[in-house]
Amino acid sequence: MNRKSLSNKLIAYYLSFGVFTVIIISVVFYQAFKSALIKRTTDQLASINILKKIQIEDYINGKNNGAVLLENDIDFVNYILREHTGMGNTGETYIVGNDFTMRSQSRFFPDVVPASIRVKTKASQSALSGINGSGEIVDYRGENVLSVYSKLNIKGIDWAIISEMDMKEAMKPVYQIRNYIFWISIFISFLIVVITVLFSRTISNPILNLHKVVLHLSKGILPKSKLIVTSSDEIGQITEALNQLVEALKTTSHFANEIGQGNLSTDYKPLSEQDELGNALLQMREDLKMLDEDRVHFMKQRAVALLEGQEKERRRMARELHDGIGQMLTAIRLKLNGIEQEQQTKEELKKMLDDTTQEIKRIDRKSVESGKSV
């Protein structure tokens with residue numbers, strides 16, 4: 001494992017988690033804000049729809065039970081519906097008859113005859129079927145709108161009243177908050193990247209330093225100085241343990257060097273009962289001590305044998321000198337006692353002297369050879 005792969009893995013893990021978290025939070029927040037805004041807008045449209053419905057029902061039901069609607073009645077209804085307070089630029093409330101044509105004036109098509117505008121939408125169909133409700137639909141213009149719909153309770157008239165607002169306008173704050181969330185997410189993601197890089201290096205650097213030390217130890221290289229312990233967590237504990245291991249290896253190495261130099265009296269204490277290297281060195285020291293004792297004993301025996309051999313050689317030489325040269329010298333002496341100036345006697349003496357000289361050389365040579373063999 002190298003620094004690049006470890007850092008990249010940590011960055012990838014934490015960055016993925018951080019960005020994923022930011023995305024999830026952003027999406028959840030966006031959806032929650034969108035749902036809240038839709039509900040608020042729908043509640044507002046429902047309030048407007050109910051208010052205008054009550055106004056229209058009270059007005060028409062108070063006019064001959066709704067049997068006949070005059071032109072001024074329609075004008076008053078349009079007056080009520082033209083009030084767009086709280087509905088923004090695209091909000092409107094209109095009435096649809098049972099033939100799915102508009103009965104009130106359209107805000108978007110004020111010059112078009114209402115009866116010519118066909119409104120067969122989900123809202124009009126549900127309301128005319130007696131189902132009151134709300135939701136996101138496609139209106140008579142083909143636009144996505146928030147719609148609140150209900151049926152008018154007017155005797156003899158089958159109408160539905162619908163209040164709507166374009167989704168674009170209703171969701172405008174949502175789109176603004178979406179952009180805001182997007183840029184906030186980018187900023188938070190950037191912070192996550194920076195923090196992740198710093199955090200990953202904080203974790204990876206001590207581990208990589210430990211990896212480097214362990215790699216050197218595997219090659220027999222001991223660090224010259226202690227590792228710096230920067231924390232009290234597991235990484236710090238591992239660092240401290242490595243420092244203890246290095247010190248123990250240095251002690252063991254020193255002990256091995258002392259043994260190699262022949263200093264067998266050096267003290268050494270194994271790291272534990274299971275310290276195989278330390279126990280092996282101690283056993284080697286004991287074996288070397290035994291070998292050294294055997295060597296000393298052998299040298300003593302050899303010295304004794306040498307002395308005995310020298311002593312034997314001296315005795316042998318003394319015997320040979322006594323038996324050989326001594327007899328020759330005795331014979332010469334006898335001859336000298338009986339010399340009468342004869343030439344023959346002189347020649348015999350010369351020969352005896354020559355033989356004596358040769359015997360001395362032989363003894364000397366034999367002595368040298370015996371010393372070499374010992």
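This report describes a four-stranded sheet, the helix that lies across two of its strands, and the loop between that helix and β1 in a predicted model.

**The sheet**

The sheet is open and has 4 strands in the order β1-β4-β3-β2, with antiparallel pairing. β1 (92–97) and β2 (133–138) stand at the edges; each has a single partner strand, so one side of each is left without a neighbour in the sheet. From one strand to the next, the twist averages 30°.

The pairings of the two edge strands are set out below.

| Edge strand | Partner strand | Sense | Bridges | Residues standing opposite |
|---|---|---|---|---|
| β1 | β4 (residues 159–166) | antiparallel | 6 bridges | I95 and I161 |
| β2 | β3 (residues 144–151) | antiparallel | 6 bridges | G133 and Y149 |

β2 and β3 form a hairpin with 5 residues between the strands. In this hairpin, G142 takes a positive phi near 85°.

**The helix across β1 and β4**

Helix α2 comprises residues 71–82 and lies across β1 and β4, running at about 140° to β1. At 1.5 Å a residue, its 12 residues should span 16 Å, and the end C-alpha atoms are indeed 16 Å apart, which agrees.

Which residues of α2 are buried? They are D73, V77, N78, I80 and L81. Seen down the axis of α2, these buried residues fall within an arc of 155°, so they line one face of the helix. The general geometry of such helices is relevant here: an α-helix has 3.6 residues a turn, so residues three or four places apart point the same way. On the other side of α2, E71 and Y79 are exposed.

**The loop between α2 and β1**

G86 is found in the loop that links α2 and β1. Its relative accessible area is 38%, which means that G86 is partly exposed, since that class lies between the limit of 20% for buried residues and that of 50% for exposed ones.

Which residues does G86 touch, not counting those up to four places away in sequence? The contacts of G86 on this basis are Q44, I48 and M165. Of these, Q44 is 42 residues apart from G86 along the chain, and the C-alpha atoms of the two residues are separated by 7.7 Å. Another contact, M165, falls within the residue range 159–166 of β4, so this loop residue touches a strand across which α2 also lies.

Conventions
Residues numbered from 1 in each chain as written. Predicted model: local features only at pLDDT ≥ 70, side-chain atom pairs only at ≥ 80, totals over all residues. Heavy atoms only, no water. Pairing = 2+ DSSP bridges. Axes fitted to C-alpha atoms, helices over the stretch in contact; angles between N-to-C directions. Contact = heavy atoms within 4.5 Å. Expected span 1.5 Å × (residues − 1). Buried < 20%, exposed > 50% of the residue type's maximum accessible area, 1.4 Å probe, protein only. Arc of directions from axis to C-beta.
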